[in-house]
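Work through the exercises below with the model open. Each task is followed by a solution in steps.

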Amino acid sequence: MTVQRSICISGTDRGIGLALVKDYLLEGYTVFAGGITTENEAFIQLSSQFPDHLHTSFLDVGSDASVQAFAAFIASKTDKLELLINNAAILGDMKQTVTDVIDFDEIQRVYNITALGAIRLTNYLIEPVMQGGQLIVNISSEAGSIRQSHRESWFGYSMAKAALNMGSTMIHTTIRKQGGRVLLIHPGWVKSAMNGSWSDAGTYTPEEAAANIRHIIKLNKDHIHEQPLYLAADTGEELPW
C-alpha cells in the first residue's frame with residue numbers, strides 16, 4: 001500500500017501552499033493536501049486535472065483530533081511519504097507593542113497553529129516520513145530569527161516562528177540518527193492574504209515563492225548536518241538563528 005513519490009503539504013487553501021500543490025502535481029507527485037476551506041474552486045479544478053494524484057482533506061493543524069484524522073486518511077492511502085512540508089500558519093496582530101493592550105488569547109492561538117501545528121503534524125506523520133524520504137520542510141520566517149530581530153510588535157507570529165525553529169532543531173536532532181533531516185525555509189516577503197485580506201505588498205508572488213522553495217529543497221534535500229539548515233528561499237543563503 002505504497003503510493004510512489006507521495007508528499008504532504010499543509011496550509012494549502014491559498015498562497016504558497018496552493019502554489020506548491022500545483023507545482024508538485026505537475027512534477028508527477030501524488031499530493032496529500034490539507035486545508036481548512038471546504039469549498040475551494042482551485043482544488044475542484046485540480047482534482048479534475050489530476051484525479052489519481054491529488055488527495056485533499058480537511059486539516060486544522062491547531063487541533064489534535066483533526067491532525068489525527070488527517071494522518072489516518074493518509075495511512076489509508078500510503079505508508080510512505082517522500083516529503084512533508086509544514087506550511088500552515090496564521091499571522092495574528094501586527095500592531096500591538098508591550099505598551100498597548102495585548103490580546104494574549106490571540107497570541108496563544110497564533111502560537112498553537114504557527115508553531116505547534118508543524119510539530120503536531122510531524123508527530124502524527126513521523127512514521128511514513130521516516131519510511132519514505134526522511135525529509136521534513138518547515139516554512140519559517142526571518143521574523144523568528146532572534147539575531148535579526150528588529151520588530152516591536154508581531155508578538156504571536158515572531159515568537160511562534162522562533163519556537164518553530166527550536167522545535168525543528170529538536171526533531172532534526174532525533175531523526176538525523178536514522179538519516180532524517182529538517183530544512184527551515186524563509187520564503188521571503190510574499191504577497192499574501194495572511195492578515196485577512198489580499199495584500200499586493202511583497203517581493204514575490206506565491207507562485208514565485210513556491211518555485212524558490214522547491215529549488216532550495218532540490219539543492220539541499222540530501223544534506224545531513226548537525227543542525228537543520230535555515231535557508232532563504234530566494235538566495236539559498238543560510239540565515240542566522
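**Exercise 1. Describe how α3 packs against α5 in this predicted model.**

Step 1. List the contacts. From α3, the residues Asp64, Val67, Gln68, Phe70, Ala71 and Ile74 take part. They meet Arg120, Leu121, Tyr124 and Leu125 of α5.

Step 2. Sort the residues by class. The contact of α3 with α5 holds seven nonpolar, one polar and two charged residues.

Step 3. Add the geometry. The axes of α3 and α5 (residues 116–131) come within 9 Å. They cross at roughly 35 degrees. The crossing of α3 and α5 is right-handed.

**Exercise 2. Place phenylalanine 70 in its surroundings.**

Step 1. Locate the residue. Phenylalanine 70 belongs to helix α3.

Step 2. Is phenylalanine 70 buried or exposed? The relative accessible area of phenylalanine 70 is 0%. The cut-off for buried is under 20%, so phenylalanine 70 counts as buried.

Step 3. Find its partners. Leave out residues up to four places away in sequence. Phenylalanine 70 then touches Cys8, Phe32, Ala33, Gly34, Ser57, Phe58, Leu59 and Leu121.

Step 4. Take one long span. Lysine 177 is 107 residues from phenylalanine 70 along the chain. Their C-alpha atoms are separated by 27 Å.

**Exercise 3. Work out the geometry of the α4 and α6 pair.**

Step 1. Fix the elements. Helix α4 covers residues 104–114, and helix α6 covers residues 155–175.

Step 2. Read distance and angle. The two axes come within 8 Å and cross at roughly 30 degrees. α4 and α6 cross in a right-handed sense.

Step 3. Name the residues in contact. α4 supplies Ile107, Val110, Tyr111 and Thr114. α6 supplies Phe155, Gly156, Tyr157, Ala160, Lys161, Ala163 and Leu164.

Step 4. Class them. Eight are nonpolar, two polar and one charged.

Step 5. Look at another α4 residue. Glutamine 108 also lies in α4. Its relative accessibility is 56%, so glutamine 108 counts as exposed. From glutamine 108 to aspartate 64 the C-alpha distance is 15 Å, with the two positions 44 residues apart in sequence numbering.

**Exercise 4. Classify two of the aromatic pairs.**

Step 1. Choose the descriptors. A pair of aromatic rings is described by the distance of the centres and the angle of the planes.

Step 2. Count the pairs. How many aromatic pairs does a search of the whole structure find? The search finds three.

Step 3. Take tyrosine 24 and tyrosine 29. The ring centres are 5.2 Å apart. The planes stand at 90 degrees, so the pair is edge-to-face. Both tyrosine 24 and tyrosine 29 are buried.

Step 4. Take phenylalanine 32 and phenylalanine 73. Here the centres are 6.3 Å apart. The planes are at 80 degrees, so this pair is edge-to-face.

Step 5. Map the second pair onto the fold. Phenylalanine 32 is in strand β2 (residues 30–35). Phenylalanine 73 is in helix α3 (residues 64–75). The pair therefore ties together parts that are 41 residues apart in sequence.

Step 6. Check accessibility. Phenylalanine 32 is buried, at 0% relative accessible area. Phenylalanine 73 is partly exposed, at 22%.

**Exercise 5. Find arginines that sit over aromatic rings.**

Step 1. Start from tyrosine 29. The charged end of arginine 5 sits over its ring, 4.0 Å from the centre.

Step 2. Move to tryptophan 154. Arginine 151 lies over the face of this residue, at 4.3 Å from the ring centre.

**Exercise 6. Examine two residues with positive phi.**

Step 1. Set the background. Most residues other than glycine have a negative phi.

Step 2. Inspect glutamine 134. Its phi is positive, about 60 degrees, and it is not a glycine. Glutamine 134 lies in the loop between α5 and β5 (135–139).

Step 3. Inspect tryptophan 154. This non-glycine residue has a positive phi of about 60 degrees. Tryptophan 154 is in the loop between β5 and α6. Its relative accessibility is 21%, so tryptophan 154 counts as partly exposed.

**Exercise 7. Describe the setting of glycine 11.**

Step 1. Where is glycine 11? Glycine 11 is in the loop between β1 (6–10) and α1 (15–26).

Step 2. List contacts beyond four places in sequence. Glycine 11 touches Gly17, Leu18, Gly34, Asn87 and Ala88.

Step 3. Compare sequence with space. Glycine 11 and isoleucine 36 are 25 residues apart in sequence. Their C-alpha atoms are 7.8 Å apart.

Notes: Residues are numbered from 1 along each chain as its sequence is written. This is a predicted model: local features need pLDDT of at least 70, side-chain atom pairs count only at pLDDT 80 or more; totals for chains, interfaces and linings use all residues. Side-chain values use heavy atoms; hydrogens and water are left out. Axes are lines fitted to C-alpha atoms, for helices over the stretch in contact, and angles run from 0 to 180 degrees between N-to-C directions. Helices (H or I, at least four residues) and strands (E, at least two) are DSSP runs, numbered from the N terminus. A crossing is left-handed if the near helix is turned anticlockwise from the far one by less than a right angle, and right-handed if clockwise. Contact means heavy atoms within 4.5 Å. Ala, Val, Leu, Ile, Met, Phe, Trp, Tyr, Cys and Pro count as nonpolar, Asp, Glu, Lys and Arg as charged, and the others, Gly among them, as polar. Rings of Phe, Tyr and Trp (its six-membered ring) pair if their centres lie within 6.5 Å; planes under 30 degrees apart count as stacked, over 60 as edge-to-face and the rest as tilted. Buried means under 20% relative accessible area, exposed over 50%, partly exposed in between (1.4 Å probe, protein chains only). A charge sits over a ring if NZ of Lys or CZ of Arg is within 6 Å of the ring centre and within 35 degrees of the ring normal.
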